[in-house]
Amino acid sequence: MINFQLMINFIKTKTPSFYPVVGSFVITAGWNWYHLAYRPHYRFVLISLAVWAAVWAAYRLFKWLFVYLTGRFKRHPFWQKEFPDFLDELFLIISFTFLIFFSRWELLSLVYFVLVMILFFIRLHAYLRRHPAAAPWLAVNRAVFILGLFIFLISSLGQYLAYHYYILDSNIKFYNIVFFRSFAMTMFWLLGFAVAGLIYWQFKNICRYALLVLWSLFFVFGLFFLAVNIGLLYFSNLYLSPFILTQAEGGGGVIWNRMTYLLLALFIAALLFFLLILKEAVRAHRLAPKRYWYFYNLAVMAAAILSLLGLASFKNTPEYTVARAFFNYFRGETEKIELNLAVKEKLERFGLNYDLNRFNIAHRDKVYQTEKKLLPDKFIKQRPNIVIVFLESFSARLTGPYNSRYQALTPGLNKMTANPGTTVFKKVFNASTPTVTGLIAELCSFLPPTGHDEIEGQKRLQRHRLLCLPDVLKKDGGYKYAAYITAVEKNYANKGTIFASMGVDDVFGTEELAQRISGEPLAWGYSDHQMFPFLGEYMKEKSNQQPFLLMLSTVDSHPPFDIAKDLIKYGDGKNNLLNSFHTTDNAFAKWWDNFVQSEFYDNTIVVAIADHAVFPAAYTADTMPEGIKRMNFYDEIFWAAYIPNSILPKEISLYSSSLDLTPSLLQLLGVNPPNSFEGRSVFDDREKYPNLLGMHEFGFFMNQIYPGSGIRKAEYNMPSNLQCADADFTNVTSTQLTFCEFLNFYRWKRQMLEEGRFWEK
C-alpha cells in the first residue's frame, strides 16, 4: 500500500520549496481558468507560466520579508527560525481555495471554502502549540478564527438566498458570485473588528471598549437587516428599499410575514451566538499581550484591504446595494419618475388603469365583469385540458387563415381553423418581442418594460412575482399539472426560472428532451418535427393528472429560418422564411391529425398563438406586404382556439393584444380571481378599448384612434431616437398619446416593476 505522506516527505527533501511551487501552480491554474480565454492555447499557456513564476516570486519575497522583519525587531526565535518553514505549508493550504474557480456550484464552493479554512486553522493551531508561550497565541488564534467562521457562515446564508431570490441581479452570470460576496462581506466585518482591536490597546480605561461596542452594534444591525431583507426577498424577490418603508400600508404585508418572523427568531439565535463569540474575543484580549493582537490585527487588516480592493463583488452585495439606495434617497439623489397625470388618463383609453394611491397599482378585483356561458355544459363539472402551442414569429399575414395568398403555405393551420370547433381571432397584435417577453405578455397579461438583452445577456429578471395563467389555473381553476416545452436549453433567457415562477411544474429544454427523444437535435435544439411527437406522447403520460396545461414553443421559424435539418421546402424552396413556416406547419399538421383521432379530442382545448410577429429584417421583396415599405416588430399575429363542441362564433374580429390571451382564457373557463392583468378579455370589455400598445427595449408601438378625427394610426419609434423636453407634455387629455408620453410611461413602469408594485402573489 502506498504511503502518500512518505512520498510527499521524500519529494520535499529532494525538491526545494516543493509546497510554494505547487501552491503557486494551483493559484495560477484557478485564477487563469476563471479569467483568461482558453484560445489560442499557446497564449493561455504562456500567460499561465508567467503568472506562475510571478506568484512564486511574490511568495518568496513575502517569506524573505517575514524573516527579515522578525529578525530586525528581535522576535522570538520561534518566529525567526521555525515558523518560516511552516509558512510553505500554510501557503499551500491557502492556495487550495483557488480551486473554487473550477466549481460552478455555489453551495459546493461555500462548503469547500469552509473545509479549507478549518484545515488552515487546525494546522496553524497545531504549529502554534510548539511556541514556548503557546497559550496566549492559541487564545488569539481561536478567537479570530471562530469569529471569522461565524461571520462567513452568516454572510453565506444572506448572499446565497439573495442570489436565489433577487430577480434583478445582473451579476449572477459570474460563477461563484455567492462565495465572492460572502468572502468580501467577511473581510469587511473583520476589518472593522481589527481596527477596533487596535484602538482597544490605545486606552487603559473603559474607553478602550467604545469602538468595539460600536462595531458590535453595527454588526448586530447588519444581522437584523439580513433577517428582514431575506423575508422581503422571499415574498417579493426584491431588496429592502426606501420606497418599501415609505409605503407602510401597502408594503407592510410584504416586509412583515411568516418568513420574516421565522428569520427574526433565527436572528435572535444568531445574536446570542455572536455575543458568546464576542465574549470569548474580549476574554482573549485580556489573556494575550497587545503585541500578539497587534500581529493578528495587522495581518487581518492587510488581508481585508487587499481583498476589498481586489474584489468588485463587495459593491454588488445586498448590503452595499441597499445602503447605497438609502444613502442616495436621503440625500435626494434618487430619481423618482412620476407618471404624468395626463398620460395616465390617456393610458386608460388603452385599457391600462393604474391606482397611484395604492401599493399594487394595477390591482383589479376581477378579470372580467360580465358572466357569460362560453363553454358547452359538459365542461361545467369536468374542466377541459389545455394545450397551448406558441408559434415562433407567426405573423398572421403569412398564414392561410388570414391571407389567401398563403393558403398552400399552412395547410395544417388551415385544417385546424376549418374545424367546426375552432374560433379564429383577428386584429390581434403582439404586445412584446422577442419570445421570452412575448410569453410573459401572453401568460401574465403584463407589458414588460424590459427586453431580451437584459434577460439573456445581463441575466436580469431570472424570475418574477407576477400572477400568471398557470398559477391561476392551479390555484383557482382546479388544474393539477402544468408543463412547458422548449427546443433550446431551458436556462436560455432564464426560461426555466421564469416559467417556474409562473407556477409551471416542469420545464423541458434540450437536456430534458434528450432523455425522451431519440436522435440528435435537428434544429436550434430539437426541431418541431421532433417536439410535436413528444407532446403527443406526454399528453398520454399525463392522462392521470387531468385537467392539465401543456405548453410548447416551436422553433423552426426562428431566425435565420434555415436552422432545421429536416426543413421542408415550400414551392421552389428559394425563400427560407416561407420554408420555415411551412416546416412548422407540417409538424403541427401531423400532431393535429393524431390529436383529432385521440382520446383528448373531446376534452382538450387547443390554442395556437404566435409568441410575437416576424422580425422586420426577415421580409424579402417577394414577401413584403403590398403597399408597405417598412415593417416593424409589431404586427397582427395568428391566434386560433379549438374547443370541443364549441359554442363560440367561428371568427372574432376585434382590435386586441396578446395581453388579452390570459384574461380571455380565464373568462372562457369561468375563473375570475383578483389580479393585476393589463389585458382585457375579448369576451368581455376589450371592445371598449380599441387602442393598443407594444413595447420592448428597442421599440415602442402604438395603434390608436386619434381623438376627434376617428382615424386609426399604427406608429413605431425607438426610445433611443426620442429627445423629449417638458414642452412635449401637455395637460390636455383629449389628444392622442405621443411617443414622448409613451417614454414617460415606459420609464415609470420600469421603476414600478423594480419596486414590486405589479406583484400579486
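K74 is in the loop between α3, residues 41-72, and α4, residues 77-95. This is a predicted model, and in it phi of K74 is near 55°. That is a positive value in a residue other than glycine. As background, most residues other than glycine have a negative phi, and most peptide bonds are trans.

On to the peptide bonds. Two to point out here. The bond from T433 to P434 is cis, and its omega is near 5°. P434 sits in the loop between β2, 422-429, and α16, 435-444. The second joins P559 to P560; this bond is also cis, with omega near 10°. P560 belongs to the loop between β5, residues 548-553, and α22.

That brings me to α22 itself. Which helix packs against α22 at an angle of about 20°? It is α21, residues 528-541; α22 covers residues 576-596, and the two axes are 8 Å apart. Angles under 35 degrees count as roughly parallel, so α21 is roughly parallel to α22. The crossing of α21 past α22 is right-handed. On the α21 side, the contact is made by D528, H529, F532, L535, G536 and M539. On the α22 side, the residues are T583, T584, N586, A587, F588, K590, W591 and F595. By type, the contact of α21 with α22 has seven nonpolar, five polar and two charged residues.

Helix α15, residues 411-418, also meets α22: their axes come within 7 Å and cross at roughly 45°. That angle makes α15 oblique to α22. From α15, the contact takes in P411, G412, L413, K415 and M416. From α22, it takes in H582, D585, F588, A589, W592 and D593. Here the division is six nonpolar, two polar and three charged. Note F588 of α22: it is listed in the contact with α21 and again in the contact with α15.

Last item, the cavities. Rolling a probe the size of a water molecule over the atoms shows where empty space is left. How many cavities of 30 Å³ or more does the structure hold? Six. The largest has a volume of about 70 Å³. Its lining consists of F350, L352, L447, S657, L659, E678, G679, R686, N691, L692 and L693. Six residues of that lining are nonpolar, three are polar and two are charged. The charged ones are E678 and R686.

That is where I will stop.

Key: Residues numbered from 1 in each chain as written. Predicted model: local features only at pLDDT ≥ 70, side-chain atom pairs only at ≥ 80, totals over all residues. Heavy atoms only, no water. 1 Å grid on protein atoms, 1.4 Å probe; cavity = no way out; pocket = protein on both sides within 12 Å on 5 of 7 lines; lining within 4 Å. Points joined across faces, edges and corners; volume = space filled by probe spheres on them. Axes fitted to C-alpha atoms, helices over the stretch in contact; angles between N-to-C directions. Helix = DSSP H or I, 4+ residues; strand = E, 2+ residues; numbered from the N terminus. Parallel < 35°, antiparallel > 145°, perpendicular 65-115°, else oblique. Left-handed = near helix turned anticlockwise from the far one by under 90°. Contact = heavy atoms within 4.5 Å.
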